[in-house]
Amino acid sequence: MLRLDCIRSIYSQLEKCVVVTIMGAVAAELQSLGHRPNFFYLQHAMGLASSTGLGIALSLPEQTVVVLDGDGSVLMNLGTFSTMARYRPRNLVHIVFDNESLLSVGGFPTATSTGTDLAQIAKAAGVPSTAVATTCDDFVQAVHAAFAARDLMTIVAKVEAEGPARYVTDLTLLENRFEFSRYLRSTKK
Amino acid sequence: MPVSVNSSKVIYAALKAAGIRLVSALPETWLVHLIRMAEDDPEMILVRLAKEEEGVGISAGAHFAGVRSAMLMQNHGFLASINGIVSFALLYRIPLLMLISYRGSFGERDPWQTQGGSVTEPLLRALGISYFCLQTAESVPVRIAQAQALCSSSLQPVALLLTRDLMWEE
């Protein structure tokens with residue numbers, strides 16, 4: 001299963017959501033499908049995409065927030081599972097693309113390649129609903145289930161360690177940040 | 001426990017007056033009253049963290065959404081948050097209001113706090129973060145209002161160090 005295919009298969013749903021991604025391949029691939037003002041790419045600070053999504057979800061309860069995370073990033077902030085579970089925002093969907101690799105920095109294997117199970121960690125931390133997807137159909141079904149349930153869910157998508165040809169785009173970090181913030185604030189009017 | 005209830009009340013009232021509506025925190029002795037006040041306040045969203053660096057992401061998300069927030073942490077929590085502060089708050093111009101209990105400075109009796117105490121201010125200076133040491137309850141309202149104003153206008157992190165003189169009564 002390719003991450004790009006997964007993102008493509010839910011892209012039309014993401015148009016209506018607030019989306020926060022991690023750096024690297026996830027950011028580049030979402031952007032390659034078409035940037036929107038409701039997409040924020042956290043191009044550093046590994047581990048904090050889910051915390052950012054939590055902050056937004058708690059601040060804007062009427063918006064659906066989708067975090068596109070990765071195994072390398074979430075392993076740097078495993079405490080995020082317990083914090084998300086503790087506050088259980090009903091409007092937060094946490095998707096972890098698990099390619100068992102730190103792909104963007106040379107493809108070194110992460111601990112998920114030797115058995116660490118992120119969905120089980122999420123479940124044991126108290127996240128009320130979790131799923132593991134190994135096919136694109138399973139992935140789409142899990143995401144639809146999360147939207148329908150209107151509850152916190154962590155979906156681990158097992159994907160190939162394949163990234164985009166290019167990681168850098170012409171969207172500057174600050175341009176993205178200010179546009180995104182302006183979009184979020186406009187939803188409150 | 002001789003943590004100053006009065007100073008905690010003054011700090012909390014100043015945060016409310018500054019429009020703070022979300023507080024992320026990790027408990028530490030000097031902050032117990034402040035965290036309880038946030039917990040008991042229906043107008044405040046309190047997020048208890050596993051590690052302080054999460055608070056940088058949470059505050060950034062709140063800021064994007066137009067909600068004013070503050071981080072309550074010990075200086076060792078500030079040390080634990082450095083990458084988030086550098087590669088999120090500073091990189092992305094996030095107005096991060098940090099209230100940091102200044103352990104390990106003059107008067108400290110706990111040996112384990114002392115190393116962090118000696119590097120707190122040098123580190124804030126190295127990061128180019130404006131900060132002020134709060135030493136008396138009288139100075140709290142105006143300094144917190146000023147810190148929030150600078151945070152908002154500069155779109156940069158600002159720190160208030162909560163000193164022993166302010167927080168501890170014995």
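Start where the two chains meet: helix H3 of chain A, residues 49-59, and helix H3 of chain B, residues 53-64, have axes that come within 7 Å and cross at roughly 40°. Keep in mind that this is a predicted model. Two packed helices are described by the angle between their axes and the distance between the axes, and here you have both values. Angles under 35 degrees count as roughly parallel, while 65 to 115 counts as roughly perpendicular. The H3(A) and H3(B) pair is therefore called oblique. As for handedness, H3(A) passes H3(B) in a right-handed crossing.

Which residues of the two helices meet? On the H3(A) side, look for A:Ser51, A:Thr52, A:Gly53, A:Leu54, A:Gly55, A:Ile56 and A:Ser59. Facing them from H3(B) are B:Glu54, B:Gly57, B:Ile58, B:Ser59, B:Ala60, B:Gly61, B:Ala62 and B:Phe64. Sorted by class, this helix-to-helix contact has 6 nonpolar, 8 polar and 1 charged residues.

Now step back to the whole contact between the chains. Chain A puts in 27 residues, and chain B puts in 27 residues too. On chain B, the side that touches chain A draws at least two residues from each of strand S2 (45-48), H3 and helix H5 (82-90). H3(B) gives the largest share of that side, with 10 residues. Taken by class, the side of chain B that touches chain A holds 15 nonpolar, 7 polar and 5 charged residues.

H3(B) also has a partner inside its own chain. Follow it to H5(B): the axes of these two helices come within 8 Å and cross at roughly 20°. Since an angle under 35 degrees counts as roughly parallel, that is how H3(B) and H5(B) are described. Their crossing is right-handed. From H3(B), the residues in this contact are B:Glu53, B:Val56, B:Gly57 and B:Ala60, and from H5(B) they are B:Asn83, B:Gly84, B:Ile85, B:Phe88 and B:Ala89. By class, that comes to 5 nonpolar, 3 polar and 1 charged. Look back at B:Gly57 and B:Ala60: both are in this contact with H5(B), and both also turn up where H3(B) meets H3(A).

What about chain B as a whole? You'll find 8 helices and 6 strands in it. Going along the sequence, the pattern reads α-β-α-β-α-β-α-α-β-α-β-α-β-α. The radius of gyration of chain B is 14 Å, close to the 15 Å that the globule rule gives for 170 residues, so chain B is as compact as a globular protein of that length. Measured out along the principal axes, its C-alpha atoms fill a box of roughly 40 × 35 × 30 Å. Among the 170 residues of chain B, 49% count as buried. Contacts reaching far along the sequence are well represented: of those with a separation of 6 or more, 75% join residues 24 or more positions apart.

To finish, zoom in on one residue, B:Thr114, which lies in helix H6 (residues 114-126) of chain B. How exposed is B:Thr114? It has 13 C-beta neighbours inside 10 Å, so it counts as partly exposed; the label of exposed needs 12 or fewer. Leaving out residues up to four places away in sequence, B:Thr114 touches B:Gly104 and B:Glu108. B:Gly104 sits 10 residues from B:Thr114 in sequence, yet the two are 3.9 Å apart in space, C-alpha to C-alpha.

How values were computed. Residues numbered from 1 in each chain as written. Chains lettered and ligands numbered in written order. Predicted model: local features only at pLDDT ≥ 70, side-chain atom pairs only at ≥ 80, totals over all residues. Axes fitted to C-alpha atoms, helices over the stretch in contact; angles between N-to-C directions. Helix = DSSP H or I, 4+ residues; strand = E, 2+ residues; numbered from the N terminus. Parallel < 35°, antiparallel > 145°, perpendicular 65-115°, else oblique. Left-handed = near helix turned anticlockwise from the far one by under 90°. Contact = placed C-beta atoms within 7 Å. Nonpolar A, V, L, I, M, F, W, Y, C, P; charged D, E, K, R; others polar. Rg over C-alpha atoms; globule rule 2.2 N^0.38 Å. Buried ≥ 20, exposed ≤ 12 C-beta atoms within 10 Å, placed from the backbone.
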